[in-house]
There are 4 protein chains.
Amino acid sequence: MPRTMQAAVFVEKGRIALREKPVPEIGPLDALLRITTTTICGTDIHILKGEYPVAPGLTIGHEPVGVIERLGSAVQGYGEGQRVIAGAITPSGHSNACLCGCGAQDGAGTAHGWKPLGGWRFGNTIDGCQAEYLLVPDAMANLAPVADRLTDEQVLMCPDIMSTGFGGAESGRIRIGDSVAVFAQGPIGLCATAGAKLMGATSIIAVDRVPERLAMARQLGADHVVNFSKEDPVEAIRRLTDGRGVDVSIEALGLQQTFEAALRVLRPGGRLSSLGVYSTDLHIPLDAFAAGLGDLGIVTTLCPGGKERMRRLMAAIEGNRVDLRPLVTHHFRLRDIAEAYELFGQQRDGVLKVAIVP
Amino acid sequence: MPRTMQAAVFVEKGRIALREKPVPEIGPLDALLRITTTTICGTDIHILKGEYPVAPGLTIGHEPVGVIERLGSAVQGYGEGQRVIAGAITPSGHSNACLCGCGAQDGAGTAHGWKPLGGWRFGNTIDGCQAEYLLVPDAMANLAPVADRLTDEQVLMCPDIMSTGFGGAESGRIRIGDSVAVFAQGPIGLCATAGAKLMGATSIIAVDRVPERLAMARQLGADHVVNFSKEDPVEAIRRLTDGRGVDVSIEALGLQQTFEAALRVLRPGGRLSSLGVYSTDLHIPLDAFAAGLGDLGIVTTLCPGGKERMRRLMAAIEGNRVDLRPLVTHHFRLRDIAEAYELFGQQRDGVLKVAIVP
Amino acid sequence: MPRTMQAAVFVEKGRIALREKPVPEIGPLDALLRITTTTICGTDIHILKGEYPVAPGLTIGHEPVGVIERLGSAVQGYGEGQRVIAGAITPSGHSNACLCGCGAQDGAGTAHGWKPLGGWRFGNTIDGCQAEYLLVPDAMANLAPVADRLTDEQVLMCPDIMSTGFGGAESGRIRIGDSVAVFAQGPIGLCATAGAKLMGATSIIAVDRVPERLAMARQLGADHVVNFSKEDPVEAIRRLTDGRGVDVSIEALGLQQTFEAALRVLRPGGRLSSLGVYSTDLHIPLDAFAAGLGDLGIVTTLCPGGKERMRRLMAAIEGNRVDLRPLVTHHFRLRDIAEAYELFGQQRDGVLKVAIVP
Amino acid sequence: MPRTMQAAVFVEKGRIALREKPVPEIGPLDALLRITTTTICGTDIHILKGEYPVAPGLTIGHEPVGVIERLGSAVQGYGEGQRVIAGAITPSGHSNACLCGCGAQDGAGTAHGWKPLGGWRFGNTIDGCQAEYLLVPDAMANLAPVADRLTDEQVLMCPDIMSTGFGGAESGRIRIGDSVAVFAQGPIGLCATAGAKLMGATSIIAVDRVPERLAMARQLGADHVVNFSKEDPVEAIRRLTDGRGVDVSIEALGLQQTFEAALRVLRPGGRLSSLGVYSTDLHIPLDAFAAGLGDLGIVTTLCPGGKERMRRLMAAIEGNRVDLRPLVTHHFRLRDIAEAYELFGQQRDGVLKVAIVP
């Protein structure tokens, strides 16, 4: 095994670049993965633009598929050479937050055991996976073996996009017979659409303005699509639901406009499930909030992680419940990652997700 | 039985006055109650001030204790002369909303069966109970017999204040061991405090600025009180929870300030249960919302109604789990209701709730 | 409208026969339907055999599709001539049980508002729908309009089979990624299989011994089928789940053998959702129950009813989430219902469900 | 620190005796506690009698209060000398079961991550705490610091009795206004009674035959007590609930008789929460099970563990929500543990729980 590796690091606002870094040394609870496939997330673009601050020199990326290269001395139940994924969020398993089922807010190391976003470590508080090798902390809680019959690309969406999008459907507590509106059909919105279908929503309305994304939404489960550049989505959804509104709306973009629309389309007693990463304060109009008397719910979800979550998502893929390979529109080598960032950041060429292979 | 009765009606903005009105005639599903005790709600003050619009001439009031005077031809299971209460919210029982367990948003009569606030009829869309007689619609879903050993005043808080306050604790899904902050200790906030205790919260922090209300909060279950005129409640609550924040916060006032504070004191993954009737748009600061990544929940609750709800609340009183009689600080005759409105509207003389007897 | 009608009545143990009866007279809350399509249920066979006692002379049947012929004086929101269905269970909407969301145990008319199986009225405590006309009680809570684009046969399974089968999946609280075993693939088991798929189960194992039923199970969503006449289903399911057991098992037959197997195949912490109508005591082996220490759950479900339930089920059909028409294997005229009973009771000719048209 | 210690070990059926054993050596994730107080559980009596098999030579006991003597090399967030408790169940935090919130069925080390009762290690699969020293595995998930103001005896019930008893109330999903029956008022039943009160049950019926236990039940929250040696408890509970039955029943003994009675006293749609450790098969009478049509639930609970659980339980004690010190009726030195077993096993002298101090 080499001593050094190539890694995409955050240099400064506006610049992520390949650098040579030491291959990580692992502790007793860690594992070292050799990355075989990874991808770029919208959040990485936030980091690139300086909208979400990380330390200069940090390796970016939180969606790893790889092979176990080495296991910490206390790690049991895995073997070197095994192909695995780990979630974007890597709960320790032992914090108070984790023991409450809230591993994304893992506060391992704090006095009380909770920390906002504390479970998100890869490419945020520790080095990420846009590199040749990756240290996975708390390996026993996080490494999920990949079945031989699944390719890297089939499971590439599990660590973040699929877990987050499905999480939006789950947090919306969708039931058989629900009508659901999903605002924005980027990768996460598309997965939310697929998740809504998988949970039994019987009328799914997908909103976007890019025809290709709306077409993909149909493919993944949307019954109706609304192009918001052509019609007002609130009015369209009211009409499609005979004036009643939807049981659940999912916000998957992170803007005031979509958040507000997602609130307005709810039936009384409905629930807004928010997945977006916002960068501004939000405004709740009195009428959209029914003056506080509408029995409405708003819930936000950070990508659920941990090996059991990954196992379940892979089971959905293996069971042919959903196929997210069409989301991978472009392929790059790690050495060309700058190009990949450029394409993905500009949303050029109909890009949805890229696959990056070291 | 007389043909006419005294009733407190909304005359115009700023004026509720006694008027002589016909005693209601009932339909097959209705009941006619002779009111024995009622009270005034903060919402009635909103109506008085014109902040919540109702039709001129409407009888106000939605918290009835009374005796069945007459039963509609299709009503079974009750007897004339029986003492009963009905909730402030009177679900029909047969709308789609009701059949989903969401009777407060009852849309009986609409095509799809949902209507914002549709279950709130008394003193809103039909005549209320600040009168000698009251027509109760859908009587079989709404009349709850009062046990002989309970006085009118013991159950006077059930129709609204207790149902709403407890509903705030319930919507917060409080569990044994939770820490809970309750913002504002008016009648509803006090009931939320009592409800939080009843559900197993083990550290309850009550916020207000009126010493008497904070003292009452302690009596009803608060472990800590914070006088926000003396200290910043967000800082105080952070300190009282060792920097962690509360599991659940309850907003019981209806202002931006309390809503925002209730959001800021949550631990990651916490839940804000909102009871306030707001009269302005709300603003959610980006940091208080953890940029959408904090696994936070916000849920609003309109007073749950129906006879089963009333039965359960009365069971809590009969079982000595809570005693809300201390909330009734003043007594009036119906003919003096103008005086009662004046006192209650001005929050004079330490008033919490008034009892009004025709 | 005629004064009399043909109806299939329970004469005595072993004998259901057509009789001429008066067309029902309706009360203020009722509706009169002209039946256009109905069917026979396994429960009707229990009644026929005297295993489930009903009053001689009672009209049998609880799965109605029909047209509104007349509305009670207090019924609003419907029009004569409208095509509707009503659930097998007809909750009043106003009992304590209903107001708790438990309409199948509706105790309208009792002092406390709960009665075992009280919501099941058609063909049990009041005349049923294997007749030309049907009185529907509490019409506003129970009549669900059928969209023009849906045929009678498309919605014929909604009142009972689909509601019950889906209810089994729902009571099992199936989540995305669950493995589920469904014991017996009669009409209800097949619907449970379809419901499990609709809720996100990613590995569904269907058990039966009839090849045609197992084939139909595959068509409706089963990933694996186990023919229990050829292999031990407990062993087979253990093997298919790598020794782990299933998250949820559904019992859809009503025998000790299937109940016990459904318990044995659970993973620790799993849940048995029971739909069967049992006719003997049950026996729980100590080991299958993990001596009470396995965090296991057992839950039984009686067919959920009410118009909102029917609306949701029809939404699943209209949204092409499931197509249950293949379950209707045979057609009869009402006048030939004796023949239909004979075929269905003997399970001859691959019968799953019959459609009966007056 | 000494090399050897005294420990109560299972010698053979009928014999638990003090033996000198080496003080445990700890691994990187473990902690070594010096036990300051412990107790004997009913389960230990099952072990003593050979009804629950364990390996000869195993140290018994699973309810530790102690002081951290030494920490494994990978354990962070604790200090030597800190006073702590650990639950009877010690979840690893990283198994699939744990990541599903089901740590009592922890399958760490198995291929799929689930194992019946796998979380119960102390005095079952590894040495327990009736000794001078205890090795706590997965220390970071399990050590819960005890506040200075709480004595050992105040928290002695947390590891098992209180966690299990409260767990019975929680698994019963008790809500404000529920009526609850608790069968048997031994230590666990008494804690279930206290837990039911803490969750808002407003009518709690405690069943036993020992007057002192019934008196203690009243002290901990029971509204009614039924001495089953004087009256039939099913009839008594039916009468106390006006014929309706209870919303939730809790079985806390582990016998057919109590299990069956707990089923029979349920209202339709009710839920039996079972805590007992059974030693025979169970029998479910057809009528008590409503032939499978009663919307009934049965759920079993194994003592929830982990440090967050312990923290919450101690919060209830610190917040004066419950005081379980009266359950400690007798005190012994570790060297006299044989005497303690004799007293506790015979249920002599009104013993409820004993405190044992090394």
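**Strands, helices and chain contacts in a predicted model**

Trainee: What joins strand β8 (residues 179-183) of chain D to strand β9 (residues 203-208) of chain D?

Mentor: Five bridges join β8(D) to β9(D), and the two strands run parallel. The model is a predicted one. One of the residues involved is D:Phe183, whose bridge partner in β9(D) is D:Val207.

Trainee: What makes β8(D) and β9(D) a pair?

Mentor: Two strands pair if DSSP finds at least two bridges between them. β8(D) and β9(D) have five bridges, so they count as a pair.

Trainee: Which sheet holds these strands?

Mentor: An open sheet of 12 strands, in the order β10(C)-β9(C)-β8(C)-β11(C)-β12(C)-β14(C)-β14(D)-β12(D)-β11(D)-β8(D)-β9(D)-β10(D), with mixed pairing. From one strand to the next, the twist averages 15°.

Trainee: Why are β10 (224-227) of chain C and β10 (224-227) of chain D called edge strands?

Mentor: Each of the two pairs on one side only.

Trainee: Which strands stand at the edges of the sheet with the order β6-β3-β4-β5-β7 in chain A?

Mentor: That open sheet has five strands and antiparallel pairing. β6 (133-136) and β7 (144-145) of chain A stand at its edges, each with a single partner strand, so one side of each has no neighbour in the sheet.

Trainee: How do you know that strand β3 (residues 31-37) of chain A pairs with strand β4 (residues 65-71) of chain A?

Mentor: There are six bridges between β3(A) and β4(A), in the antiparallel sense. The cut-off is at least two bridges, so the two strands pair. Within this pair, A:Leu33 stands opposite A:Ile68 in β4(A).

Trainee: Why are helix α5 (residues 158-171) of chain C and helix α6 (residues 187-198) of chain C called oblique to each other?

Mentor: Their axes come within 7 Å and cross at roughly 50°. Angles under 35 degrees count as roughly parallel and 65 to 115 as roughly perpendicular. The crossing falls into neither class, nor is it over 145, so α5(C) and α6(C) are oblique. α5(C) passes α6(C) in a right-handed crossing.

Trainee: What residues make the contact, and how do they divide?

Mentor: On α5(C), they include C:Ile161, C:Met162 and C:Phe166. On α6(C), C:Ile188, C:Leu190 and C:Cys191 are among them. The residues of the contact divide into 11 nonpolar, five polar and no charged. C:Gly165 and C:Gly168 belong to the contact, and Gly counts as polar.

Trainee: How many residues do chains C and D give to their contact?

Mentor: The contact takes 42 residues from chain C and 42 residues from chain D. β12 (266-274), β13 (282-284) and β14 (297-300) of chain C each supply at least two residues of the side that touches chain D. That side has 22 nonpolar, 14 polar and six charged residues.

Trainee: What makes β13(C) and strand β13 (residues 282-284) of chain D a pair?

Mentor: Three bridges join them, and they run antiparallel. At least two are needed, so this is a pair across two chains. C:Ile284 stands opposite D:Leu282 in β13(D).

Trainee: How many residues of chain A are in contact with chain B, and which strand of chain B pairs with β13(A)?

Mentor: 42 residues of chain A are in contact with 42 residues of chain B. β13(A) pairs with strand β13 (residues 282-284) of chain B in the antiparallel sense, over three bridges. There, the bridge partner of A:Ile284 is B:Leu282.

How values were computed
Residues numbered from 1 in each chain as written. Chains lettered and ligands numbered in written order. Predicted model: local features only at pLDDT ≥ 70, side-chain atom pairs only at ≥ 80, totals over all residues. Contact = placed C-beta atoms within 7 Å. Helix = DSSP H or I, 4+ residues; strand = E, 2+ residues; numbered from the N terminus. Axes fitted to C-alpha atoms, helices over the stretch in contact; angles between N-to-C directions. Left-handed = near helix turned anticlockwise from the far one by under 90°.
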